[in-house]
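Open the model in your viewer and set it to a plain cartoon. We will begin with the whole chain and then settle on one helix.

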Amino acid sequence: MELLTINNVWMMVCTALVFFMHTGFAFLEIGLTRQKNTINILFKNIFIITIGLLLYYIVGFNLMYPGFAEDSAGIFDFAGFGIAPPENGMTPEYADGGYTWWTDFLFQGMFAATAATIVSGAVAERMKIGPFMIFTIIYVGLVYPIAGSWKWGGGFLDQMGFYDFAGSTLVHSVGGWAALVAVWLLGSRIGKFKNGKPQAIPGHSIPLATAGVLILWLGWFGFNGGSVLSADPSLTSLTLVTTCLAAAAGGVVSALVSFFKYKNLDLTMFLNGILGGLVGITAGADVMTPESAIIIGAIAGALIVFAVSFVDAIKLDDPVGAIAVHLICGIWGTLAVGIFSTNPEHSFVVQLIGVACYAGFCLVTSFIIIFTLKKTLGIRVSEREELEGLDAHEHGMDAYPDFRLNEH
């Protein structure tokens, strides 16, 4: 029982760290976008975490962990509404003594909202708040848990031997594929492309964006460390070492590649390189050597620079680099398990099949949701609203009011 208590406390600490990541996402998104849209972005981030937890309670948890029957195809099942604990839910019999049923729900619930947060940054500054909220409800409530059940819920990909330790694909690519579809259907911001060439639209607070990345890195100690699903000393410590080394390598290599390519020391590339390294190591943080983690992070950092350039080249407007960070590096990290894993049972071909399955499912479902919203409610704000800012038109508020106007 004492071991259960130690494990459970560790899992609750990791749950808190993953929750704190939402602060990091919020800071990063508002920092890399313009002041006039700050309230809008913060509102979306707060909505995602609150509605996400409620949806995960109502349907998500039991969609993601339905307890597939032995004769099931492992594609879809549902264990019922709510989260009533089983008889052994608070004892060492549950989850091999790693945590209790309630901790299991809360830890996984923190992951559930992250997929929609990734989309939030990609569609910033021009998507209507109402349709985004509807998309979040459907994607977090249904699409994410069904996709998650294929691996973490013991579904068909898990049975094939597909491996994704903490979510390079199940969280980051699931959000990244939807971000890709949303950006394509939305179109670019006014002024992003002139005569076919991308124009920089600077964010209003790089210090906030930097703080956001450092908070996200801290949160990843819970994201990956908690995915050990116990306080096992050797596995948790290895996981945190590989996580940190990949992040560091991603940042350094991204900054260097960016310097050689553009002849300037771009802090935003440095920051996104760190995130790319973190996303890249997430699929296999527990089955990598430190040397492999550095290689994976370094390749992710290089990928960031070329992926950001490629996204611009095909005229997609992603204000925060979400597609490059979460989708491209998520795919890379998942495939890297098949190359670098210390477990000989991990197969590159199986990893590739997993990536393809999630790509197909997420592209189709996100397209259906967002295209339907586009044709019914409309997903893009008016030109005037975009130019004047979503804060004023969608919320009637200003994130940084000029207090001098209120002085008498």
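A residue counts as buried when its relative accessible area is under 20%. By that cut-off, 56% of the 408 residues of the chain are buried. Keep in mind as you go that this is a predicted model.

**Stop one: the whole chain.** Colour by secondary structure, and you should find 15 helices and two strands. The radius of gyration is 21 Å, close to the 22 Å that the globule rule gives for 408 residues, so the chain is as compact as a globular protein of that length. Turn the C-alpha trace along its principal axes, where the chain spans about 65 × 45 × 45 Å. Contacts come next: among those with a separation of 6 or more, 78% join residues 24 or more positions apart.

**Stop two: the surface.** Switch on the accessible surface, which comes to about 16,500 Å², with 68% of it belonging to carbon and sulfur atoms. Now colour the charged side chains: there are 18 positive and 29 negative ones, and the centres of the two sets lie 21 Å apart.

**Stop three: helix 13.** Select residues 348-376, a helix of 29 residues. From first C-alpha to last, helix 13 reaches 42 Å, close to the 42 Å expected at 1.5 Å a residue. Show its side chains; the buried ones include Val350, Tyr358, Cys362, Ile369, Ile370 and Leu373. Gly354 and Ala359 of helix 13 are buried too.

What covers these buried residues? Add helix 5 (129-149), helix 6 (156-160), helix 7 (168-186) and helix 12 (322-340) to the selection, as they are among the cover.

Terms used: Residues are numbered from 1 along each chain as its sequence is written. This is a predicted model: local features need pLDDT of at least 70, side-chain atom pairs count only at pLDDT 80 or more; totals for chains, interfaces and linings use all residues. Side-chain values use heavy atoms; hydrogens and water are left out. Helices (H or I, at least four residues) and strands (E, at least two) are DSSP runs, numbered from the N terminus. The radius of gyration is taken over C-alpha atoms; the globule rule is 2.2 Å times the number of residues to the power 0.38. Buried means under 20% relative accessible area, exposed over 50%, partly exposed in between (1.4 Å probe, protein chains only). Contact means heavy atoms within 4.5 Å. Accessible areas come from the Shrake-Rupley method with a 1.4 Å probe; for residues, only the protein chains shown count as cover. Lys and Arg count as positive and Asp and Glu as negative; His and the chain ends are not counted. The place of a charge is taken as NZ of Lys, CZ of Arg, CG of Asp or CD of Glu. The expected span of a helix is 1.5 Å times one less than its number of residues.
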